[in-house]
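Reader: I would like a close look at a single part of this chain. Please take one strand and go through what surrounds it, step by step.

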Amino acid sequence: MNNTKMRRKTRQALTLTVAAALLCAPLLAGADKASAASSYKIINQPIEVNGTQSNIAAIDLDSSRYIALRSLNKTIGLTTNWDKSTNVVTVTGRGRTLTLDLKKGIATMNGQSLYRLSPVVQNDTTYVPLRYLLEQMGYGVSYDPATKRIGIEAIEENNLKISTATIEKSSKKYDLVVHYPVLSGYANEDVQSKVNAVLKKDAELQAKEGQTSLEEPLNDSSFEPTNPYAFEGDYTITYNEKGKLSLYVDYYIYTGGAHGSTARTTYTFDLATGDLISLKDAAGGNSDYVNIINAKIKSDIKARGLGLIEPFKTIEPDRDYFLKHNGIVVYFGQYEYVPYAAGMPEFEVPFSSFVK
């Protein structure tokens, strides 16, 4: 399935969904976690930042390592500030501004919500997921099982800036907010314009079709939904180096019921041409790339104990994907192979796996 077909599949999934959880559910989950009076064991986590070894305070939660925000200043080089009056933490560095509302449990990056950055507050110290936070701030993260040391390195990113544009529409019965990235400051203005045009056009199309999906059930003017319907698009930059830019946009729709539904659209651009890069090309042209990715997915399914609703056999040759610092990531869509509660499992295949 090519990118055009995949986007069509995404739009169909959004149009046909009759889903359920409130749009604010991820935020409420974060707020509960932030305010919970839980007690977690503090770990003296060894790290190595650009070759310098040290230790930071951390905790284990939900199979993830959470880092103390205050440690970012000295060990990693980011700047943190806490406004006591509003209980908001601001983290700045590498052209990014992250805000964390500890009272509401809401995180934003450059004006856009980050739903996977739920904070934990313990003994006046705020902890957030280490890997997710640092990848959002432009760092590569690795782990050495032998020493249990986490490696952190500042990524040499492409020389460009990324800001957020927003499409908004609301009524008494629904809210629609779609964010999409806008490139600026790139040396090749033609490529910059080409990439921006693709992202803007797709965002506008998704917003238009999302609006239709929200309004169709509301044609009866007397109908009042129990909770406002919602459509939201949020993007994540996953790779911005070596002349490539990779990202995904998650489109969430809620039209009543117990929970909503999310569909993902991915993009990986060649910043020399502004063209989208195929999965095969991202894998270095390795003719066996499908089998290599299949093997990794099957291995991870077994290692994680993922319960499948149908057996996994193979990916499509033009499967949707995105890049991260160390490899190619493919994922399962909601309900594709796993139940709703499992989300969209991701499988990262190291670039080295494709080297012949």
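**Strand β7 and its two hairpins**

Author: Start at a turn: in this predicted model, strands β6 and β7 make a hairpin in which four residues lie between them. Gly105 sits in that turn and has a positive phi of about 75°. Strand β6 covers residues 96-101, and its pairing with β7 is antiparallel, with four bridges joining the two. One position to look at in this pair is Leu98, which stands opposite Met109 of β7.

Now follow β7 itself, residues 106-109. In a regular strand, side chains alternate between the two faces of the sheet. Strand β7 shows such an alternation: the side chains of Ala107 and Met109 point to one face, and those of Ile106 and Thr108 point to the other. The two faces also differ in burial, since Ala107 and Met109 are buried, while Ile106 and Thr108 are not.

After β7 comes a second hairpin, formed with β8. Here two residues lie between the strands, and Asn110 takes a positive phi near 50°. Strand β8 spans residues 112-114 and runs antiparallel to β7, joined to β7 by three bridges. In this pair, Met109 stands opposite Gln112 of β8.

Met109 is therefore a useful residue to find on the display: Met109 is buried, with Leu98 opposite in β6 and Gln112 opposite in β8.

Key. Residues numbered from 1 in each chain as written. Predicted model: local features only at pLDDT ≥ 70, side-chain atom pairs only at ≥ 80, totals over all residues. Heavy atoms only, no water. Buried < 20%, exposed > 50% of the residue type's maximum accessible area, 1.4 Å probe, protein only. Pairing = 2+ DSSP bridges.
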